[in-house]
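Student: I would like a close look at one part of this model, namely how its helices pack against one another. Please take me through the contacts one by one and then place them in the wider structure.

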Amino acid sequence: MEKSFVFKFMGLNFDLTGIIGSTLMALAVFLICLWLARKVEMKPNKRQNVFEYLLDFTNGIVKDNVSDVDAQKHLSLYALVLFLFIWFMNQLGMFMEVKVDDWVFIKSPTADPVATMSFAMMTLLLSFTFGVQRFGVGGYLKNYTQPVGFMLPINIIEEFTNFLTLSLRLYGNIYAGEVLLTLIGNDLAHAGGPFTLILAAPLAMIWQGFSVFIGSIQAYVFVTLSMVYIGKKVTTE
């Protein structure tokens with residue numbers, strides 16, 4: 001059974017597997033963005049075109065779901081970095097997984113619910129912040145009683161369901177992909193000698209390609225739903 005490497009520091013448990021994967025992907029996103037955005041010119045070069053396409057893509061998600069112009073300006077770079085960070089995290093375990101015996105040191109960080117819940121919590125805290133800035137504390141709290149007062153408990157429950165669905169959707173898809181890839185590579189490949197080994201190789205490659213697609217879709221869905229939740233907080237009913 002695979003185990004994540006966890007260590008204690010000052011009485012707290014730290015998941016080294018998640019820390020390594022997240023740090024590697026943060027560095028990857030930073031270096032790629034730095035490389036793409038270097039030497040910005042009036043006549044864009046190929047690297048600049050790629051970066052501007054990514055920025056236009058995520059800006060489109062923001063503008064489609066957040067009507068407040070001031071919030072759009074603040075969310076532009078957040079949406080870009082969030083999309084790239086989650087996309088790279090989703091792909092990590094498909095192509096590089098480091099294990100020593102049963103201990104896993106590198107895998108997709110988004111295959112851990114703690115990572116996806118952290119992203120979801122960050123988005124919800126941002127939505128609360130923009131809501132308070134837009135309406136003030138009293139006006140923001142009053143929105144929980146809209147459109148009628150008895151909707152208050154339902155609107156409060158919705159905050160928890162938004163958090164759970166946003167985080168667990170991403171976690172479930174990435175975790176399931178890694179589990180199936182492990183089953184193909186370990187169990188199926190060694191189940192019946194050379195025949196199953198030959199059969200497992202193309203299946204693993206096909207599933208890896210499909211997982212790249214799923215990981216991309218999940219990054220897009222996560223950013224889109226994040227903007228939807230934030231957009232609702234800055235819009236009156």
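Tutor: H2 and H3 are oblique to each other. This is a predicted model, and the description that follows should be read as such. The axes of H2, residues 46-65, and H3, residues 69-95, cross at roughly 120 degrees and come within 9 Å. An angle from 65 to 115 degrees would have counted as roughly perpendicular, and one over 145 as roughly antiparallel, so this crossing belongs to the oblique class. Its hand is right-handed.

On the H2 side, the contact is made by Phe51, Leu54, Leu55, Phe57, Thr58, Asn59, Val62 and Lys63. H3 contributes Gln72, Leu75, Ser76, Leu77, Ala79, Leu80, Phe83 and Leu84. Sorted by class, the residues of this contact of H2 with H3 comprise 11 nonpolar, 4 polar and 1 charged.

H3 also packs against H1, which spans residues 16-37. Here the axes come within 9 Å and cross at roughly 130 degrees, so H1 and H3 are likewise oblique to each other. The crossing of H1 and H3 is right-handed. From H1, the residues involved are Gly21, Ser22, Met25, Ala26, Val29, Ile32 and Cys33; they meet Leu84, Phe85, Phe88, Met89 and Leu92 of H3. This contact of H1 with H3 has 10 nonpolar residues, 2 polar ones and no charged ones. Leu84 of H3 takes part in the contact with H2 and in the contact with H1.

As for the wider setting, the largest nonpolar core holds 39 residues, and the members touching the most others are Leu75 and Met227. At least two residues of this core come from each of H1, H2, H3, H4 (113-142), H5 (152-188) and H6 (194-233). The most is given by H3, with 13 residues. Leu75 thus appears twice in this account, in the contact of H3 with H2 and among the best-connected members of the core.

A last site lies in H5, where Asn155 is found. Asn155 has 12% relative accessibility and therefore counts as buried, the limit being under 20%. Leaving aside neighbours within four places in sequence, Asn155 is in contact with Asn143, Tyr144, Thr145 and Gln146. Of these, Tyr144 is 11 residues from Asn155 in sequence, with 5.8 Å between their C-alpha atoms.

Methods:
Residues numbered from 1 in each chain as written. Predicted model: local features only at pLDDT ≥ 70, side-chain atom pairs only at ≥ 80, totals over all residues. Heavy atoms only, no water. Axes fitted to C-alpha atoms, helices over the stretch in contact; angles between N-to-C directions. Helix = DSSP H or I, 4+ residues; strand = E, 2+ residues; numbered from the N terminus. Parallel < 35°, antiparallel > 145°, perpendicular 65-115°, else oblique. Left-handed = near helix turned anticlockwise from the far one by under 90°. Contact = heavy atoms within 4.5 Å. Nonpolar A, V, L, I, M, F, W, Y, C, P; charged D, E, K, R; others polar. Core = buried A, V, L, I, M, F, W, Y, C linked by side-chain atoms within 4.5 Å. Buried < 20%, exposed > 50% of the residue type's maximum accessible area, 1.4 Å probe, protein only.
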